[in-house]
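Trainee: I have a new model open on my screen. Can you walk me through reading it, feature by feature?
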Amino acid sequence: MLEEIQSKGYEDPDLPSGSFGREESLPRDNFDDLDDYDNWNQSPPQRADGTLLNGQNGTPDYRNFRRKVVVENVADNDYSMVMDKGTTYSKRIIVTVSSEKTPPSFPDVVIKWVATREGMELLYGENR
């Protein structure tokens, strides 16, 4: 998921600068910019083409996993401060993988990074 999102453009080339949110339809391989992934939430996870990763047809069995993505504008000088959508040049992307078992079989895995028009920066030790 990380590589997939990082391979997309910072913003939709067909929309005015500052636009935010999903403009493309599913499956995910139609997504063309970072904020198309905002509020992506799937269990079991799936490939970009929509193939479920549920152990069938030779896919890995991730039926007890959930993958969530949040994309939000953050202050350009303080990546912990969430701003209104489309109002800054910095977008924080948070990918969370969690267990669907009760009790969970592992703690949530959370990876955060910030994207700007100039590139991306992995964030370490930031609390959400």
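Mentor: Start with one exposed residue. N57 counts as exposed because its relative accessibility is 80%, and the cut-off for exposed is over 50%. N57 sits in the loop between β1 and β2.

Trainee: What is unusual about the phi of N57?

Mentor: The phi of N57 is positive, about 55°, although N57 is not a glycine. N39 is another case: its phi is positive too, about 70°, and N39 is not a glycine either.

Trainee: Where is N39 placed, and is N39 buried or exposed?

Mentor: Look in the loop between α1 and β1. N39 has 55% relative accessibility, so it counts as exposed.

Trainee: How far should I trust the coordinates?

Mentor: Remember that this is a predicted model. Check the pLDDT, the predictor's confidence in each residue. The protein chain averages 89, and 95% of the residues score at least 70.

Trainee: Where is confidence lowest and where is it highest?

Mentor: Strand β6, residues 119–123, is lowest, with a mean of 85. Strand β2, residues 65–75, is highest, at 96.

Trainee: Next, the peptide bonds. Which residue does a cis peptide bond join to P27?

Mentor: Read omega for this. L26 is joined to P27 by a cis bond, with omega about 10°. P27 is in the loop between α1 (2–6) and β1 (40–42). A cis bond also runs from T102 to P103, where omega is near -5°. P103 belongs to the loop between β4 (90–99) and β5.

Trainee: Now the strands. In which sense do β2 and β4 pair, and over how many bridges?

Mentor: Follow the bridges from strand to strand. β2 and β4 pair in the antiparallel sense, over ten bridges. V71 has I93 in β4 as its bridge partner. β4 also pairs with β5, again antiparallel, over seven bridges. There, V97 stands opposite V109 in β5.

Trainee: Why is β4 described as largely enclosed?

Mentor: Count its buried residues, those under 20% relative accessible area. Nine of the ten residues of β4 are buried, so the rest of the structure largely encloses this strand.

Trainee: And V109: why does it count as partly exposed?

Mentor: V109 has 42% relative accessibility, so it falls in the partly exposed class. V109 is part of strand β5, residues 109–116.

Trainee: Which residues form a nonpolar patch with V109?

Mentor: I111 and L122 join V109 in that surface patch. Together the three have about 210 Å² of accessible area.

Definitions and conventions:
Residues numbered from 1 in each chain as written. Predicted model: local features only at pLDDT ≥ 70, side-chain atom pairs only at ≥ 80, totals over all residues. Heavy atoms only, no water. Patch = residues over 30% accessible without salt bridge, like charges linked within 9 Å, V, L, I, M, F, W, Y side chains within 5 Å. Areas by Shrake-Rupley, 256 points an atom, 1.4 Å probe, with all protein chains shown as cover. Salt bridge = Lys/Arg side-chain N within 4 Å of Asp/Glu carboxyl O. Helix = DSSP H or I, 4+ residues; strand = E, 2+ residues; numbered from the N terminus. Buried < 20%, exposed > 50% of the residue type's maximum accessible area, 1.4 Å probe, protein only. pLDDT = per-residue confidence, 0-100. Pairing = 2+ DSSP bridges.
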